[in-house]
Amino acid sequence: MGLLMAIKQLDFVFPADHGFSELLASFQNNFYVKLQAETVNYRVFYDTFDWRLYNNGSVLEVHEEGQSRRIYWRADKDGDLKIQLGLRQVPQLATDLADSEFCRQLQSVISVRELIPRIKIKIKHLPLVVLDKNKKVVVRINFDEYWYFPSKTRAGVVLDKRITIKPVKGYVNEFNQVVGFFNPMQLSEAQDNIMKLALAESGIITTEYTTKLNLLLDAEMPAEQALKEILLWLLDIMRQNTAGSIRGRDTEFMHDYRVSIRKTRSALTQINKVLPQGIISKYNKFFSGLGKLTNPVRDLDVFQIKLASYQHDFSIAAQKHLQPLRDYLAQSRAEAQNKFIHTLKSPEYRKNIKEWRDYLENTEPTRPPLENTNKEIYKLADELVWNIYQLALEEGSAITDDSEAEALHELRKTCKKLRYLMEFFQSLYAENKIRELIQALKGLQDNLGEYNDLHVHRDILKTFSKQCADAEANRACKKVIKFLEHRQVKTRRRFAERYASFSSLGIQKEFRDLFVESHKGRA
Amino acid sequence: MKVIAIYNIKGGVGKTATAVNLSYLASLDGASTLVWDLDPQGAASYYFRIRARVKGGGQKLVEGKRGLEDAIKGTDYESLDLLPADFSYRDMDFFVELTKKPGHHLSKLLKPLSEEYDYVFLDCPPSISSASESVFDAADVLLVPTIPTTLSLRTYKQIKKFFKQEHYDSMKILPFFAMVDMRKQMHRLIVEYPPSFMPGLLDSYIPYASEVERMGVKRAPLGDFAAHSRAANCYKSMWEEIKSQLYPTV
């Protein structure tokens with residue numbers, strides 16, 4: 001490697017309290033300089049809604065310079081330098097890309113999530129060149145101001161000022177002379193940390209988003225206050241996932257939104273005699289309507305994913321004949337999603353949500369109080385969890401090998417209610433103990449959920465078969481139905497074992513210890 | 001890395017102007033580009049304000065005793081570098097002849113640059129010799145500027161004939177009309193009805209234009225001082241056409 005190859009550009013941070021103009025005047029006294037036109041460039045950092053790239057140390061950024069648009073990628077923090085991708089635009093989903101190393105790396109980090117522009121940096125770029133006596137460019141220097149605008153309404157802030165000294169091949173001495181000029185200023189070397197600086201300025205915490213209920217409830221707080229906090233938290237999850245649900249490509253937004261609705265309804269109806277009945281009826285009806293709109297979308301999403309995973313269980317010919325089914329699923333999903341999006345965009349929806357938030361944020365206690373309004377939340381939590389747990393045991397124990405699917409369905413709903421209650425109130429109990437019990441419950445829920453999904457998927461196939469005129473497609477469909485029936489039987493067989501584990505004496509004792517005994521003596 | 005040679009046995013047909021303007025356009029695309037001024041007259045080096053001299057001598061460079069990268073100079077344009085001419089290149093044939101495989105010598109010299117550059121433009125001297133043969137071997141395309149006159153067409157035929165005799169791939173040859181003066185009847189006739197022995201003739205042609213001559217005064221490519229002139233636009237069209245030939249699927 002030649003000497004020239006060893007010289008690299010130098011990037012320095014310019015002290016925030018110094019102006020470029022003073023430096024420039026001094027520089028011009030020492031070098032023959034030509035100022036070039038100031039330009040404005042942008043760096044746009046893409047990431048998922050929940051910052052999966054940043055949290056993994058990956059970077060996907062677009063440099064916009066005039067008409068030019070370059071996309072750079074770094075797989076993870078241990079990876080090499082960023083590489084420029086030969087793409088014209090950032091993909092929305094990893095599946096938008098043809099199979100490639102980049103596609104695989106991206107998918108491993110973002111999974112099904114959508115990429116959106118998260119941080120945009122404006123760079124005021126003042127380039128100048130140092131000329132020799134023949135007016136030949138021998139060194140390039142850039143003065144860059146990095147601006148960040150936290151929102152459209154907030155004033156921009158200068159994140160950093162930087163000087164870049166770029167060598168021109170074959171002009172080593174001139175480069176060294178320019179570097180020598182800057183040396184006495186003892187400028188510190190710039191890091192590739194603009195995104196970090198912007199995040200610090202914005203106050204965004206990239207690990208903050210979670211659908212796990214991290215609320216810290218005070219054990220002795222009145223039940224009404226605790227319930228309102230839980231409901232506000234769920235409302236906030238809905239808010240965070242509304243825009244993404246409307247955009248519609250990333251299915252996780254709608255999923256998180258939908259789970260929050262279900263949890264909201266569960267909290268409203270289970271934590272009862274706390275809020276006025278009129279409020280419960282009104283909002284249970286409202287959220288129930290919303291939930292129903294999400295059901296077909298989610299069912300179809302899950303089925304499409306499952307169907308793709310079943311592919312290898314069918315012959316190539318059968319796979320081919322399933323194309324009309326796939327088209328039907330995609331179309332049905334799009335129709336169902338449009339209905340849901342239409343509702344989310346409606347003024348009526350916005351009005352209801354605003355009123356709901358206003359109600360929850362109103363700290364005035366309900367008057368006259370209901371039976372549980374002012375009860376200390378730990379007492380109510382103990383009662384509710386213990387009662388629903390008893391119900392789960394009762395329903396589960398009644399299930400035999402001959403029981404109807406309906407009985408499993410009821411148990412599934414009861415277990416879901418139990419799970420939500422345990423999650424709402426988890427901060428009131430010893431963390432390791434409640435986590436262990438949630439895990440025990442999860443094992444049973446997985447089995448019941450799979451059984452139910454298979455049932456739903458068979459129903460979807462039957463509906464499709466009724467309206468499908470393609471004989472080959474119908475035959476292929478019947479094969480899938482049979483396949484699902486077979487799987488359902490196997491899942492059903494595993495139920496007894498899962499239930500036995502959940503209802504074991506050991507787990508029963510732990511439930512009792514936690515929800516009956518642990519708060520004894522507190523009052 | 002694509003190697004684009006601009007070649008004609010005849011001098012004064014616009015080879016250097018073509019090399020300078022097309023390489024400038026390539027660098028504007030963001031492509032890392034190198035011009036190698038192989039003509040001892042050093043006109044391309046002059047246009048880029050770089051002295052036509054290789055430190056340590058051009059002979060060692062051509063013989064492969066020194067890496068080309070040591071002699072490369074940055075131009076006034078980012079992504080565009082120059083390997084300057086050297087007066088010793090007048091004896092290039094002699095140096096090339098002495099190497100083990102004269103026909104492949106240039107390819108061998110350029111190979112180490114293939115990671116760094118997307119395009120290498122070879123501004124060739126007006127001759128036909130061992131060095132030219134090495135150019136024919138190394139080039140992905142051979143751009144042949146041709147003035148639409150009887151004598152120039154005759155020269156073009158000679159190049160074609162030589163390619164055929166020596167079994168070079170004649171598909172590499174992309175002729176185009178240069179210094180076209182549509183006021184002249186002969187130019188008009190030839191451009192409008194190009195001869196059948198010019199398959200691969202580019203649709204774009206370069207007019208005879210005073211802006212091109214001003215490159216010598218400005219010492220810069222047209223894009224730098226007359227970006228919207230007719231000649232500059234013709235080079236732009238030509239560059240697009242060449243790219244579509246180099247990357248047919250893009």
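Before I turn to the helices, a word on how they are described: axes are lines fitted to C-alpha atoms, for helices over the stretch in contact, and angles run from 0 to 180 degrees between N-to-C directions. Helices (H or I, at least four residues) and strands (E, at least two) are DSSP runs, numbered from the N terminus.

What you see is a predicted model, in which local features need pLDDT of at least 70 and side-chain atom pairs count only at pLDDT 80 or more, while totals for chains, interfaces and linings use all residues. Residues are numbered from 1 along each chain as its sequence is written, chains are lettered from A and ligands numbered from 1 in the order in which they are written, and side-chain values use heavy atoms, with hydrogens and water left out.

Let me start with helix α8 of chain A, residues 277–310, which packs against helix α14 of chain A, residues 431–467, at an angle of about 90°, the axes lying 10 Å apart. That angle makes α8(A) roughly perpendicular to α14(A), a term that covers 65 to 115 degrees. Among the residues in contact (heavy atoms within 4.5 Å) are A:Phe303 and A:Tyr310 of α8(A) and A:His457 and A:Ile460 of α14(A).

α8(A) also packs with helix α7 of chain A, residues 251–270, here at an angle of about 145° and with axes 9 Å apart. The residues of α7(A) that meet α8(A) include A:Met254, A:Arg258 and A:Ile261, and their partners in α8(A) include A:Tyr283, A:Phe287 and A:Arg298.

Finally, in helix α4 of chain A, residues 172–182, the buried residues (under 20% relative accessible area, 1.4 Å probe, protein chains only) include A:Phe175, A:Val178 and A:Phe182. The buried residues of α4(A) pack against elements of chain A including β1 (10–13), α1 (20–30) and β7 (116–131).

Notes: Parallel < 35°, antiparallel > 145°, perpendicular 65-115°, else oblique. Buried < 20%, exposed > 50% of the residue type's maximum accessible area, 1.4 Å probe, protein only.
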